[in-house]
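Okay, let's get going. I'll put the structure up, and then we'll talk about confidence, a helix pair and the ligand.

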Amino acid sequence: MTPKAAKATKDTKATYAEPVVSARDVTMTYGDVDVLQGVDLDIHRGEIFALLGPNGAGKTTTVEILEGFRRRSAGEVSVLGADPERGDDAWRARIGLVLQSWRDHRRWRVAELLTHFATYYPDPRDPAELLALVGLTAQGGRQVERLSGGQRRRLDVALGIVGRPELLFLDEPTTGFDPEARREFHVLVERLAREEGVTVLLTTHDLAEAERLADRIAMLVGGRIRACGTPAELARQAAARAEVRWTADDGTIHRERTADPSQLVWELHRHADGPIAGLEVRRPTLEDTYLHMLHRETDGTDGTGGIDETNGTDGTDDTARAA
Ligand SMILES: Nc1ncnc2c1ncn2[C@@H]1O[C@H](COP(=O)(O)OP(=O)(O)OP(=O)(O)O)[C@@H](O)[C@H]1O
Ligand SMILES: [Mg+2]
């Protein structure tokens, strides 16, 4: 790349120049179990980044290492320009946390707890506005132990953002949320990232949530990041295919899976006399991609069973097409 081109790229992506989070070859061993075996990550300013992986994959371990809550066994980590193991109070104040499990403040009243936490930060959000933002205004005077699970989680989110963090770690933040709370939370996270430039690292088992929110997604399996990219890039890497369905003139329903559905639809139209009845194209979802990759990494199959639960004959089609 010429110096001029490099400058142009840098200028147009000025905010993406320096990773906010960078991890190189991070390992973590608990006893004799190697949970992380060389994790590499770069997360850029303003990005919403989702870390996916099965239970026990090491997502919380990774997030806690980045937060400075857990000492890594080896590797290099930089978060907002510092090694989290040596982050001072000023560094800590720039980070917001929603932990998977949180120290309890059962006896505190909701609004008092939030007001108390706000005093830790130089430029906190207004506690009353924050309560409204997470839908807890009516519960402001209630003791934390009397909140429902989902209300408790909303309070966790409020505590995570009270200090106007530049970087927000959300470890399974929407566990227990009802659909409306989940939707409101998604809008809130998008607003934080798009309007305030907050960088977000999110773990979730809700793949629709990751697909909706994340600019980029990483999959942690077997102690390493096995895939990383936009949902579309992951789908391409996984070679998860779209399904095209249509009804033939004799009424039989056809299904075919293809990497190029527009080509297939075009061919169908070319051979048809008129409109094609019941034509449907189903793009692979992130769930398809995830299961496809997970099976490939863990049991060597292509995860086809996970991709198309309705079409038991698909494996045979694949063989026929490959032959
Ligand atoms: N303090 C600890 N001591 C020993 N082993 C631990 C400790 N914390 C976690 N582990 C183990 O490390 C592995 C990774 O745990 P971790 O909590 O990071 O997984 P996770 O990906 O967050 O899982 P989940 O999706 O269930 O939250 C698990 O096998 C877990 O049992
Ligand atoms: Mg976890």
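Confidence in the protein chain bottoms out in helix α13, residues 314-322, at a mean pLDDT of 32, and peaks in strand β4, residues 74-79, at 98. pLDDT is the predictor's own per-residue confidence, from 0 to 100, and helices (H or I, at least four residues) and strands (E, at least two) are DSSP runs numbered from the N terminus. So yes, this is a predicted model: local features need pLDDT of at least 70, side-chain atom pairs count only at 80 or more, and totals for chains, interfaces and linings use all residues. Residues are numbered from 1 along each chain as its sequence is written, with chains lettered from A and ligands numbered from 1 in the order written.

The chain averages 85, and 87% of residues score at least 70. Over residues 304-323, though, pLDDT is below 50. Where pLDDT is low, don't read the predicted coordinates in detail.

Next, the helix pair. The axes of α9 (231-238) and α11 (286-298) come within 9 Å and cross at roughly 45°; axes are lines fitted to C-alpha atoms, for helices over the stretch in contact, with angles from 0 to 180 degrees between N-to-C directions.

Now, what sits around ligand 1? Tyr30, Val35, Gly53, Asn55, Gly56, Ala57, Gly58, Lys59, Thr60, Thr61 and Gln100, each with its C-beta atom, placed from the backbone, within 6 Å of the ligand. Helix α2, residues 59-67, gives the most to that shell, with three residues.

Methods
Two residues are in contact if their C-beta atoms, placed from the backbone, lie within 7 Å.
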